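Q: I'd like a close look at one part of this model, and then a walk outward from there. Could you take me through it in plain bench language?

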Amino acid sequence: MYILTIEDYISAAHQLKGYKGKCENIHGHNWKVEISVYGQKLNDIGILIDFHDLKDLLKEVLQQFDHKHLNDVKEFTNQNPSSELLSKIIYKKIDKMLKQYSRTNKTNINVLSVTVWESATCRSSYQKKIF
């Protein structure tokens, strides 16, 4: 199995309603978002997916969150924009886009994991169920 990993960044604010502490107040992060994809078969030139194509897909998803107050983004109207939920939402969006990419390009590429770093020492991951 081949695994490719890329990362990108967004800046966004959020607040965790119901949280008993300073994170209940609006605050921001420079979020690092890392995605890993996998597949079994390389194309005719020996690559799984062009890194540029993968980065473009991630950028398309992340622009929905960049420089926003995440509590105002539609995916978070009924839930807190925690790093855990952000990683899950990004995972599902990238997964849907990769399925379309795979159909168009006759490949079989899947998302393995999405990791969202809200600081240099705190991260959350959402990954494919492996057991």
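What volume does the largest pocket have, and what surrounds that part?

A: Keep in mind as we go that this is a predicted model. The largest pocket comes out at about 160 Å³. Its lining is made of Gln40, Lys41, Leu42, Asn43, Asp44, Leu48, Asn105, Lys106, Thr107, Asn108 and Ile109. Sorted by type, the lining has 3 nonpolar, 5 polar and 3 charged residues.

Now let's follow some of those lining residues to their partners. Tyrosine 2 is a handy start: it sits in strand β1, and its contacts beyond four places in sequence are Val37, Tyr38, Gly39, Gln40, Leu42 and Leu48. Gln40, Leu42 and Leu48 are among the residues that line the pocket. Tyrosine 2 itself counts as partly exposed because its relative accessibility is 39%, and the buried class stops at under 20%. From its C-alpha to that of isoleucine 47 is 9.3 Å, although the two are 45 residues apart in sequence.

Ile109, another of the lining residues, leads us to leucine 98. Apart from neighbours within four places in sequence, leucine 98 is in contact with Val37, Ile49, Leu54, Leu57, Ile109, Asn110 and Val111. Val37 turns up here and also on the list for tyrosine 2.

Leucine 98 takes us inside as well. The largest nonpolar core has 31 residues, and those touching the most other members are Phe65, Ile90, Ile94 and Leu98. Elements giving two or more residues to this core are β1 (2-14), β2, α1 (51-62), α2 (83-105) and β3. The largest share, 8 residues, is from α2.

Next comes β3, which spans residues 110-119 and is mostly covered, with 7 of its 10 residues buried. On one side, β3 pairs with β2 (residues 27-39) in the antiparallel sense, over 7 bridges; here lysine 32 stands opposite tryptophan 117. β3 also pairs with β4 (residues 122-127), again antiparallel, over 6 bridges. In that pairing valine 114 faces tyrosine 126, and the hairpin joining β3 to β4 runs through 2 residues.

Three serines let you zoom in on these strands. Serine 113, in β3, is buried because its relative accessibility is 12%. Outside its own stretch of sequence, more than four places away, serine 113 is in contact with Glu34, Ile35, Ser36, Tyr91, Tyr126 and Gln127. Tyr126 is the residue that stands opposite valine 114.

Over in β4 you'll find serine 124, which is buried because its relative accessible area is 8%. Leaving out residues up to four places away in sequence, serine 124 touches Ser83, Glu84, Ser87, Val114, Thr115 and Val116.

Is serine 119 buried or partly exposed? Serine 119 belongs to β3, but it counts as partly exposed because its relative accessibility is 29%. Its C-alpha lies 13 Å from that of glutamate 84, with their positions 35 residues apart along the chain. Glu84, you'll recall, is one of the residues touched by serine 124.

Conventions:
Residues numbered from 1 in each chain as written. Predicted model: local features only at pLDDT ≥ 70, side-chain atom pairs only at ≥ 80, totals over all residues. Heavy atoms only, no water. Buried < 20%, exposed > 50% of the residue type's maximum accessible area, 1.4 Å probe, protein only. Helix = DSSP H or I, 4+ residues; strand = E, 2+ residues; numbered from the N terminus. Pairing = 2+ DSSP bridges. 1 Å grid on protein atoms, 1.4 Å probe; cavity = no way out; pocket = protein on both sides within 12 Å on 5 of 7 lines; lining within 4 Å. Points joined across faces, edges and corners; volume = space filled by probe spheres on them. Nonpolar A, V, L, I, M, F, W, Y, C, P; charged D, E, K, R; others polar. Contact = heavy atoms within 4.5 Å. Core = buried A, V, L, I, M, F, W, Y, C linked by side-chain atoms within 4.5 Å.
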